[in-house]
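Student: Please take me through the structure shown here, one question at a time. I would like each answer to end on the value or name I asked for.

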Amino acid sequence: MRYREVIRMPLWLLALIYFFFLSFVLSVWAALGNSAALISFLVLSALVVLIAVRTRLMIQVSESELLVGRAHIDLKYIGEVTELDSQAMRKLRTRDADPMAFLGIRFWSSTGVKVEITDNRDETPYWLITSNKANQLAQALKD
């Protein structure tokens, strides 16, 4: 394993979601009483945990392939790798985006890499991957 990173939702965002859920629980309590509020509290708390687990993005570079979430590609099909700062990443996610590109992005991570794909059978021109350690990811893909 040359490189491994997990992009997780920041705690401030999870807390914001949880506070919205708690306001819903408070509304349920006011309308329906204690038992309904307890049930909605438990269900929504489990939902916050599920959201935190399902939104993580695993990035791995092994000796033979790149894995981003459930997508993977052999390293022999990777061309130029470009590190992107927050401004370049923002432009490539929005105005300069190619609709055929693979996006392994999370909005709470502002930097990343652009990985050109050289496989003639694949219509995907590049992968755009968010990373908190873009320079280390780019270096692992270039080696």
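**Burial, cores, pocket and salt bridges**

Student: What is the relative accessible area of leucine 141, and is leucine 141 buried or exposed?
Tutor: Buried means under 20% relative accessible area, exposed means over 50%, and partly exposed covers what is in between (1.4 Å probe, protein chains only). Leucine 141 falls under the lower cut-off, so it is buried, with a value of 9%.

Student: What kind of model is this, and which pLDDT is needed for side-chain atom pairs to count?
Tutor: Residues are numbered from 1 along each chain as its sequence is written, and side-chain values use heavy atoms, with hydrogens and water left out. The model is predicted, so totals for chains, interfaces and linings use all residues, whereas local features need pLDDT of at least 70 and side-chain atom pairs count only at pLDDT 80 or more.

Student: Where is leucine 141 found, and which residues does leucine 141 touch?
Tutor: Leucine 141 is found in helix α4; helices (H or I, at least four residues) and strands (E, at least two) are DSSP runs, numbered from the N terminus. Contact means heavy atoms within 4.5 Å. Not counting residues up to four places away in sequence, leucine 141 touches Val61, Leu66, Leu75, Ile78, Val81 and Val115.

Student: Which element gives the most residues to the largest nonpolar core?
Tutor: A nonpolar core is a set of buried Ala, Val, Leu, Ile, Met, Phe, Trp, Tyr and Cys residues joined through side-chain atoms within 4.5 Å. The largest one has 21 residues, and those with the most contacts inside it are Ile59, Leu66, Val115, Ile129 and Leu141. Two or more residues each come from β1, β2, β3, β5 (78-84), β7 (112-117), β8 (126-130) and α4 (134-142). The element that gives the most to this core, with five residues, is α4.

Student: How many residues does the second, separate core have?
Tutor: Met9, Ala37, Leu44 and Val48 are included in this second core. Its total is nine residues.

Student: Which residues line the largest pocket, and how much space lies in it?
Tutor: On a 1 Å grid over the protein atoms alone, a pocket is an open set of points where a 1.4 Å probe fits, with protein on both sides within 12 Å along at least five of seven lines; lining residues have an atom within 4 Å of a point. The lining consists of Val53, Arg54, Arg56, Leu57, Met58, Gly69, Arg70 and Arg106, with α2 (34-54) and β2 each supplying at least two residues. Grid points are joined across faces, edges and corners, and a volume is the space filled by probe spheres set on the points. For the largest pocket that space is about 260 Å³.

Student: How many residues in the lining of the largest pocket are charged?
Tutor: Ala, Val, Leu, Ile, Met, Phe, Trp, Tyr, Cys and Pro count as nonpolar, Asp, Glu, Lys and Arg as charged, and the others, Gly among them, as polar. The lining has three nonpolar residues and one polar residue, and the number of charged residues is four.

Student: What separates the C-alpha atoms of arginine 56 and arginine 8?
Tutor: Arginine 56 sits in the loop between α2 and β2 and is partly exposed at 38% relative accessibility. Beyond four places in sequence, arginine 56 touches Val6, Ile7, Arg8 and Arg106. Arginine 56 and arginine 8 are 48 residues apart along the chain, and their C-alpha atoms are separated by 4.6 Å.

Student: How many residues apart are the partners in the salt bridge of arginine 2 and glutamate 63?
Tutor: A salt bridge is a side-chain nitrogen of Lys or Arg within 4 Å of a carboxyl oxygen of Asp or Glu, and the whole structure has four. Arginine 2 and glutamate 63 form one of them at 3.9 Å, N to O. Arginine 2 lies in the segment before β1 (3-7) and glutamate 63 in the loop between β2 (57-61) and β3 (65-68), a separation along the chain of 61 residues.

Student: Which partner of arginine 95 completes a salt bridge, and what is the relative accessible area of that partner?
Tutor: Arginine 95 is exposed at 61% relative accessibility, and its side chain meets that of aspartate 96 at 3.3 Å, N to O. Aspartate 96 is partly exposed, with a value of 40%.
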